[in-house]
Amino acid sequence: MAKLKIGVLGTGGIATERHIPAFKHVKEAEITAVMDVNEERAREVAEKFGVKNVCKSLDEMLEKVDALLITTPNKFHAPAAVQALNAGIHVMCEKPMALNTKECEEMVDAAEKAGKTLLIAYHYRFMKEARAAKRIIDSGEIGQPLVIRIKAMRRRKVPGWGVFTNRDLQGGGALIDYGCHLLDLAMWLTGNPKPYEVSGTTFNHLSMQKDIVNEWGTINPATFEVEDHATAFIRLENGAVVMLETSWAANIPHDEETISISGTEGGIEVFPLRVNKSQHGVLINSDISWIPEEKPFAILQAEHFVSCCLGESSPLTSPRESMFVSSIIDSVYESAKIGRSVQIKR
Ligand SMILES: NC(=O)c1ccc[n+]([C@@H]2O[C@H](COP(=O)([O-])OP(=O)(O)OC[C@H]3O[C@@H](n4cnc5c(N)ncnc54)[C@H](O)[C@@H]3O)[C@@H](O)[C@H]2O)c1
């Protein structure tokens, strides 16, 4: 059977460090084309990974492939995805889905009209801890989730490279770039409960200081346009709440990345995976000593995308769920801007 031909738009860090190597493990697919506004970079990447075609435009690439991987800055996700889907090409797109909900809607419409796969690379869902947590929660082990705490916290790791601090190109900072992963995962784990009210705050104080001590490169306050820290309190229609905190730069003792869910029958923490319950009249904490890992998450995600394109699966991360995450992010930003809570649309 002929291999699924995949084109890569944007041959920067995530394309070369994660996706292109991952797709090399998928025998039903081959990366056959690359395109980058920096053509020299695209040529180097093509040579390094043995990709046959270096294209000069997205139009040219869409003529040559069956599927497109979008790994550009966020601003180009929606226009490229819509163009590809309208041309009948499947799309896997890096997170966040797009700059805002309106752009996500255009992507969802295009995918539904074309009947093609649209998978947003919220790769945390493919991590072994996340998949095990999903099985535990779906079994009813912790009962009904009541309080969902999300922490996606870095002490001093503002990305000092690329365009991550440019509002026009990225749409925001720590929340849309990093917090989005844990928010997506928490909503998936708890069955995508519908939020109705969001109260959010954003900060940029540390990154606006001159000569901030930062582990991930030098930050220029003059070009720092986004938030480096965000918090949100999200009320859900099923009576549960989400407490979210995410940061690239916080004065905390160490980085912290976890989801902790307290339910009616027990609780669960996802990173590292732990379950707590009361049983037989005592309080028990279960540390999970081993979680089977079939394959690394990036390979599982690449295989899943190809299997969706071949009609064998439907996206684990549905486009509507990814749009839903973007709508919560929009609401946090809106609430932070106006200084009070906002009602959320779905
Ligand atoms: N899932 C994750 O954990 C994760 C991690 C890092 C980045 N990302 C996402 O991946 C995307 C890219 O991030 P990165 O770290 O690879 O950035 P990067 O800056 O390293 O690479 C982006 C590449 O896109 C190219 N580019 C810019 N505009 C383009 C256009 N219009 N058409 C074609 N190419 C274009 C740039 O020249 C560059 O080579 C972003 O959306 C980011 O949020 C996800």
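How closely do the axes of helix 1 and helix 2 approach, and at what angle do they cross? In this model, which I should say at once is a predicted one, the axes of helix 1, residues 13-23, and helix 2, residues 39-49, come within 12 Å and cross at roughly 25°. Because angles under 35 degrees count as roughly parallel, helix 1 is described as roughly parallel to helix 2. The crossing itself, where helix 1 passes helix 2, is right-handed. As for the residues that make this contact, helix 1 brings G13, T16, I20 and P21, and these meet R41, V45 and F49 of helix 2. Sorted by class, the contact of helix 1 with helix 2 has four nonpolar, two polar and one charged residues.

Let me step back to the chain as a whole. The domain assignment gives two parts, and each of them is built from two separate stretches of the chain: domain 1 takes 4-124 together with 297-316, while domain 2 takes 125-292 together with 326-343. Between the centres of domain 1 and domain 2, taken over C-alpha atoms, there are 26 Å. Where the two domains touch, the contact takes 21 residues from domain 1 and 24 residues from domain 2.

I turn now to the sheets, beginning with the one of six strands. This sheet is open, its pairing is parallel, and its strands are ordered 3-2-1-4-5-6. At the edges lie strand 3, residues 53-54, and strand 6, residues 118-120, each of which pairs on one side only. Strand 3 runs parallel to strand 2, residues 29-35, and is joined to it by two bridges. On that seam, V34 has V54 of strand 3 standing opposite.

The other sheet has nine strands, and how are they ordered? Reading across this open sheet, the order is 14-13-12-11-7-10-9-8-15, and here the pairing is mixed. Its edge strands are strand 14, residues 282-287, and strand 15, residues 342-343, each pairing on one side only. I would draw your attention to strand 7, residues 145-153, which can be followed on both of its sides. Towards strand 11, residues 256-263, strand 7 runs antiparallel and is held by eight bridges. Along that pairing, M153 has E256 as its bridge partner in strand 11, and I148 has I261. Towards strand 10, residues 241-247, strand 7 instead runs parallel, with seven bridges joining the two, and here I150 is partnered by L244.

Helix 10, residues 319-338, belongs in this part of the picture too. This helix lies across strand 8, strand 9 (229-236) and strand 15, running at about 55° to strand 8. Helix 10 also meets helix 8, and the axes of these two helices come within 10 Å and cross at roughly 125°, so that helix 8 and helix 10 are oblique to each other. Their crossing is right-handed. From helix 8 the contact is made by L175, I176, C180, L183, D184, M187 and W188, and from helix 10 by E321, F324, V325, I328, I329, V332 and Y333. By class, the contact of helix 8 with helix 10 has 12 nonpolar residues, no polar ones and two charged ones.

I would like to finish with some details of the backbone. As background, most residues other than glycine have a negative phi, and most peptide bonds are trans. Which peptide bond in the loop before helix 5 deserves a look on that account? The bond joining K95 and P96 is cis, with omega about -10°, and P96 sits in the loop between strand 5, residues 90-93, and helix 5, residues 101-114. A cis peptide bond also leads from F271 to P272, with omega near -5°. The place of P272 is in the loop between strand 12, residues 266-269, and strand 13, residues 274-279. Finally, N192 is not a glycine, and yet its phi is positive, at about 50°. This residue, N192, lies in the loop between helix 8, residues 174-189, and strand 8, residues 195-203.

Notes. Residues numbered from 1 in each chain as written. Predicted model: local features only at pLDDT ≥ 70, side-chain atom pairs only at ≥ 80, totals over all residues. Heavy atoms only, no water. Pairing = 2+ DSSP bridges. Helix = DSSP H or I, 4+ residues; strand = E, 2+ residues; numbered from the N terminus. Axes fitted to C-alpha atoms, helices over the stretch in contact; angles between N-to-C directions. Parallel < 35°, antiparallel > 145°, perpendicular 65-115°, else oblique. Left-handed = near helix turned anticlockwise from the far one by under 90°. Contact = heavy atoms within 4.5 Å. Nonpolar A, V, L, I, M, F, W, Y, C, P; charged D, E, K, R; others polar. Domains from an automatic or database assignment.
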